[in-house]
Amino acid sequence: MRVGIIGGTGWLGGALGRSLVDKKLAEVILLNRRGPQDYGGRAVVWANDLADLVAQSDVIVVSVRPEDWAGLQLQAPGKLVISFMAGVGLSTLAQCGGRVLRAMPNASAEIGASYSPWVAGAGVTAEDRAAAARVLGAIGSQEELPEEAQLEVMTALSGSGPAYPALLAQAMLAFLAERGVAPDVAARAVEATVCASARLLEGKVAEAPALVQTFIDYRGTTCAGLETAEAKGFSAAVAAALSAATDKALAMRQANAQAAG
Ligand SMILES: NC(=O)C1=CN([C@@H]2O[C@H](COP(=O)(O)OP(=O)(O)OC[C@H]3O[C@@H](n4cnc5c(N)ncnc54)[C@H](OP(=O)(O)O)[C@@H]3O)[C@@H](O)[C@H]2O)C=CC1
Ligand SMILES: O=C(O)[C@@H]1CCC=N1
């Protein structure tokens with residue numbers, strides 16, 4: 001399989017390109033604006049321009065920022081086109097003439113741990129779905145969603161990747177600094193709390209409410225913390241954040257569809 005990545009030197013496109021090569025899943029053809037870059041010594045092909053990338057690729061991944069889509073003027077009739085862009089809908093993507101599929105990976109692609117849900121547009125075949133699963137499988141897990149609106153919800157949630165754990169870590173680091181804990185000790189304590197403790201939920205995250213309840217029923221110090229967090233609006237703040245991001249993704253999809261006519 002030959003996979004062409006438009007934006008193959010970016011955050012996500014780079015992670016995908018490196019993984020596809022390292023795992024020997026595909027020949028990789030790259031395009032960006034700045035021209036060929038160091039790719040860690042990997043054997044990749046640099047396309048001369050967009051038409052050259054399209055001609056050389058079986059599958060085309062669009063990993064440019066949403067605001068750069070319109071200027072790209074991609075024409076890829078007969079090709080499978082996988083878009084990573086937030087807020088660019090299937091109907092807008094279809095104007096490239098290819099069979100289009102929207103995926104929403106996250107920054108954990110860098111460590112092969114992205115969760116990448118996707119939705120398929122009209123005309124996408126069973127073979128295309130298998131190809132998409134293979135491409136996205138290079139950077140983690142993937143699954144097809146039943147409707148496009150769910151991709152905007154996932155843009156807000158899993159698409160944000162490490163952003164919310166980072167926010168939690170930031171708040172915890174600030175608390176420890178304020179209490180005079182040395183930065184290196186604080187870093188170890190927060191990493192153990194945010195990263196290592198979360199592993200207890202692996203494979204059973206649906207049991208999170210039960211685990212919260214267990215701590216509340218314990219009636220100890222954690223209970224005092226959890227109850228105060230809720231009284232201060234912790235769950236409401238999470239819901240409001242995800243709602244704002246979903247709304248932004250939907251508004252972007254609508255604006256991009258309107259601009260595309
Ligand atoms: N980063 C994230 O965590 C996530 C990002 N996404 C989506 O993935 C997409 C890519 O994001 P991200 O990797 O962060 O973006 P980056 O800004 O890191 O990378 C963008 C890439 O696009 C290239 N590019 C821009 N315009 C063109 C063009 N006209 N022709 C060829 N290449 C071009 C850039 O090349 P150059 O450097 O030469 O300008 C660069 O390689 C976005 O649409 C975003 O919505 C989705 C989920 C999570
Ligand atoms: O913050 C963003 O816009 C990117 C796209 C989806 C998730 N992260």
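**Strand β6, the nonpolar core and the ligand shell**

Strand β5 (residues 80-83) pairs with β6 in the parallel sense, over 4 bridges. The model is predicted. β6 spans residues 99-103, and 5 of its 5 residues are buried, so the strand is largely enclosed by the rest of the structure.

**Strand β6 and its partners**

- In the pairing with β5, S83 stands opposite R102 of β6.
- β6 also pairs with strand β7 (residues 114-120), in the antiparallel sense and over 3 bridges.
- In that pairing R102 stands opposite V119 of β7.

**The two faces of β6**

- In a regular strand, side chains alternate between the two faces of the sheet.
- On one side of β6 are R99, L101 and A103, and on the other are V100 and R102.
- These residues are all buried, and both faces of β6 are covered.

**The nonpolar core**

- In soluble globular proteins, nonpolar side chains tend to be buried together.
- The largest nonpolar core here has 48 residues.
- Among the residues with the most contacts inside this core are L101, V61, I82 and V135.
- V61 touches V3, G4, I5, I6, G13, L16, I82, F84 and V135, leaving aside residues up to four places away in sequence.

**The shell around ligand 1**

- Ligand 1 is surrounded by 27 residues, and the closest are G7, G10, W11, N32 and M85.
- Two elements, α1 (11-22) and α3 (69-72), give two or more residues to this shell.
- The largest share, 3 residues, comes from α1.
- By type, the shell residues divide into 13 nonpolar, 10 polar and 4 charged.

Key:
Residues numbered from 1 in each chain as written. Chains lettered and ligands numbered in written order. Predicted model: local features only at pLDDT ≥ 70, side-chain atom pairs only at ≥ 80, totals over all residues. Buried ≥ 20, exposed ≤ 12 C-beta atoms within 10 Å, placed from the backbone. Pairing = 2+ DSSP bridges. Core = buried A, V, L, I, M, F, W, Y, C linked by C-beta atoms within 7 Å. Contact = placed C-beta atoms within 7 Å. Near = placed C-beta within 6 Å. Nonpolar A, V, L, I, M, F, W, Y, C, P; charged D, E, K, R; others polar.
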